[in-house]
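The following exercises concern a single protein chain. Each task is followed by a solution worked in steps.

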Amino acid sequence: MSIEDALGSLSRRKFLKDAGLVAGGASMAGISPIQAGVAQPVRETDRDSRAGTTDSKEIALNINGAEYQVQVEPEETLRDCLREKLGFLSIKDMCLGHGACGSCTVIMDGRPILSCLTLAIECGGRKIETAEGIALAGHPLIEAYIMNYCMQCGYCTPGFICTSKALLDRNTNPTEADIRDALAGNLCRCATYIRHIPAVQQAARELKGG
């Protein structure tokens, strides 16, 4: 029997439409309120559903100015907690958790850290910034990165943004050498390295009102 006979009256257009709805519904189901810029604390039902093992622990995190309570396992990384449980999808994992690419970088208590090498259970009470928070705050780095063509695929960009923001927080007038040194741990698959330097310098000028 041919495929056409098996499908019978099912038209090509209807098949593609139905398949698209199924795929779209699956992807839409993964969108969290955080992606819309609305920070949502973990609800009681969420907490119960991930009660974890007897060794798990509930910790408090301040993320982009919002307070969260989340149950974490002893071996759970901060990267998995932030991305998989709390929905901060800017945090990537290009090197599969080896701490070699910088795409999982977040800012914790003012310092850029590799969230894939940081245990979530040790982060209770810490203040964390992600690329989502930096963008929502209207930091000039975002516009500077766009205007200076710092990204192509954009996969590594959130890690660069977090590292650059941490640099500008501690050094308001970085030299080219300062920027190169700060960003040395961030890898870009599209090799746009040379564009990050003028972008960070532009953001520094704007932060000073220049």
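**Exercise 1. Helix 9**

Task. Identify the buried residues of helix 9, the helices they pack against, and the span of helix 9.

Solution. Step 1: the buried residues of helix 9 are H196, I197, A199, V200, Q202, A203 and A204. Buried means under 20% relative accessible area, exposed over 50%, and partly exposed in between, with a 1.4 Å probe and protein chains only. Helices (H or I, at least four residues) and strands (E, at least two) are DSSP runs, numbered from the N terminus.

The model is predicted: local features need pLDDT of at least 70 and side-chain atom pairs count only at pLDDT 80 or more, while totals for chains, interfaces and linings use all residues. Residues are numbered from 1 along each chain as its sequence is written, and side-chain values use heavy atoms, with hydrogens and water left out.

Step 2: these buried residues pack against helix 6, helix 7 and helix 8, where contact means heavy atoms within 4.5 Å.

Step 3: the expected span of a helix is 1.5 Å times one less than its number of residues. The 15 residues of helix 9 should therefore span 21 Å, and the end C-alpha atoms are 22 Å apart, which agrees.

Step 4: just after helix 9, G209 adopts a positive phi of about 85°.

**Exercise 2. Helix 7**

Task. Determine how many residues of helix 7 are buried, and compare its expected span with the distance between its end C-alpha atoms.

Solution. Step 1: of the 14 residues of helix 7, 12 are buried, and the helix is thus mostly covered. Among them are T157, P158, G159 and F160, and the list also includes K165, A166, L167 and L168.

Step 2: helix 7 covers residues 157-170, for which the expected span is 20 Å; the end C-alpha atoms are 20 Å apart, so the two values agree.

**Exercise 3. The largest nonpolar core**

Task. Describe the largest nonpolar core and state which helix gives the most to it.

Solution. Step 1: a nonpolar core is a set of buried Ala, Val, Leu, Ile, Met, Phe, Trp, Tyr and Cys residues joined through side-chain atoms within 4.5 Å. The largest such core has 23 residues, and those with the most contacts inside it are L141, Y145, F160, L168, I179 and V200.

Step 2: helix 5 (131-136), helix 6 (140-147), helix 7, helix 8 and helix 9 each supply at least two residues of this core. Helix 7 gives the most, with six residues.

Step 3: apart from this core lies another, of 21 residues, among them V72, L82, A120 and C123.

Step 4: leaving aside neighbours within four places in sequence, Y145 is in contact with C150, M151, T157, F160, I161, S164, H196, A199 and V200.

**Exercise 4. The second largest pocket**

Task. Characterise the lining of the second largest pocket by residue, by helix and by class.

Solution. Step 1: on a 1 Å grid over the protein atoms alone, a pocket is an open set of points where a 1.4 Å probe fits, with protein on both sides within 12 Å along at least five of seven lines; lining residues have an atom within 4 Å of a point. The lining consists of F160, I179, R180, L183, A184, N186, Y193, I194, H196 and I197.

Step 2: helix 8 (176-182) and helix 9 (193-207) each supply at least two lining residues. The largest share, four residues, comes from helix 9.

Step 3: by class, the lining has seven nonpolar, two polar and one charged residues. Ala, Val, Leu, Ile, Met, Phe, Trp, Tyr, Cys and Pro count as nonpolar, Asp, Glu, Lys and Arg as charged, and the others, Gly among them, as polar.

**Exercise 5. Loop residues**

Task. Locate N64, Y149 and A137, and state whether each is exposed or partly exposed.

Solution. Step 1: N64 is in the loop between strand 1 (57-63) and strand 2 (66-72). N64 has a phi near 55°, a positive value in a residue other than glycine, and is partly exposed at a relative accessible area of 29%.

Step 2: Y149 lies in the loop between helix 6 and helix 7. The phi of Y149 is also positive, near 55°, and Y149 is exposed, with a relative accessible area of 63%.

Step 3: A137 is in the loop between helix 5 and helix 6 and is exposed, at 64%. The C-alpha atoms of A137 and N64, 73 residues apart along the chain, are separated by 9.1 Å.
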